[in-house]
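Reader: Hello! Could you take me on a close look at a single strand in this structure, starting with where its side chains point, and then walk outward to what surrounds it?

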Amino acid sequence: MTYETERATLAASNANRVLAFLDTPNLFYSLSRCSGGDLVPDYDELLAIARSRGPLIAASALVNDGFPEAGAASLRRRGYNIARSEGRDCDFRFIAEAIALHRRGDTFLICSGDNRYAELALALRALGKYVIVVAIASCCSMELRASSDEFICFPSKLKNATGCLGVQK
């Protein structure tokens, strides 16, 4: 194998590396507000969506202080890294994690409907990253959706059935 072929093979294997960042409080409260509490997040399906886009480098679930350890352990077993907020809100930690890891990924899943992440999405896109927002359609900031390359309805479950609230972009 020549150097050029080896380099092309390496580049292809690294192409479209995926990073996923979940704002778990936002997703939980959005589902509760928009479904009346009938739906729960489908974190396994979310990982499947991320993996369908390329090699999953990292999936970070950001949780607020006070999040139960049993919930964190459940997310870890599924393959998520847990990042706890350094205060009452995990939004700034979410942004810091995404910026710290921006060189490791090509596709970024921002799993939240919070408008605070619109500027993050625009910054990542300016760096040539592909940004996918995964959120509850009816509870997602229009500014955030407009700042992304793609929108996917956040997967949820209702007694073994899947559900999607709202319409997709």
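Author: Happy to. In strand E5, the side chains of Thr107, Leu109 and Cys111 point one way, those of Phe108 and Ile110 point the other way, and every one of these residues is buried (buried means under 20% relative accessible area, exposed over 50% and partly exposed in between, with a 1.4 Å probe and protein chains only). In a regular strand the side chains alternate between the two faces of the sheet. E5 covers residues 107-111, and 5 of its 5 residues are buried. Helices (H or I, at least four residues) and strands (E, at least two) are DSSP runs, numbered from the N terminus.

Before going on, a word on the model: it is predicted, so local features need pLDDT of at least 70 and side-chain atom pairs count only at pLDDT 80 or more, while totals for chains, interfaces and linings use all residues. Residues are numbered from 1 along each chain as its sequence is written, and side-chain values use heavy atoms, leaving out hydrogens and water.

Now to the neighbours of E5. Strand E1 (residues 18-23) runs parallel to E5 and is joined to it by 5 bridges; two strands pair if DSSP finds at least two bridges between them. Within this pairing, Phe21 has Ile110 of E5 as its bridge partner. Strand E6 (residues 130-135) also pairs with E5 in the parallel sense, over 5 bridges, and there Leu109 stands opposite Ile132. To get from E5 to E6 the chain passes through helix H6 (residues 118-126), in a β-α-β crossover that is right-handed. Right-handed here means that, with the strands pointing away from the viewer, the path from the first strand over the helix to the second runs clockwise.

E5 also turns up in the surroundings of helix H5 (residues 91-100), whose buried residues are Asp91, Phe94, Glu97 and Ala98. Seen down the axis of H5, these buried residues fall within an arc of 125°, so they line one face of the helix; the arc is that of the directions from the helix axis to the C-beta atoms. An α-helix has 3.6 residues a turn, so residues three or four places apart point the same way. The cover over the buried residues of H5 includes E1, E3 (56-63), E4 (81-84), E5 and H6, where contact means heavy atoms within 4.5 Å. Phe92 and Ala100, on the other side of H5, are exposed.

H6, the helix of the crossover, leads us on to Ser147, which is in helix H7 (residues 142-147). Ser147 counts as buried because its relative accessibility is 5%. Leaving aside neighbours within four places in sequence, Ser147 is in contact with Ala118, Ala121, Leu122 and Arg125. Its C-alpha atom is separated by 8.9 Å from that of Val133, 14 residues apart along the chain.

To put E5 in the setting of the whole chain: there are 7 helices and 9 strands, and buried residues make up 46% of the 169 residues. Of the contacts in the chain with a separation of 6 or more, 59% are between residues 24 or more positions apart.
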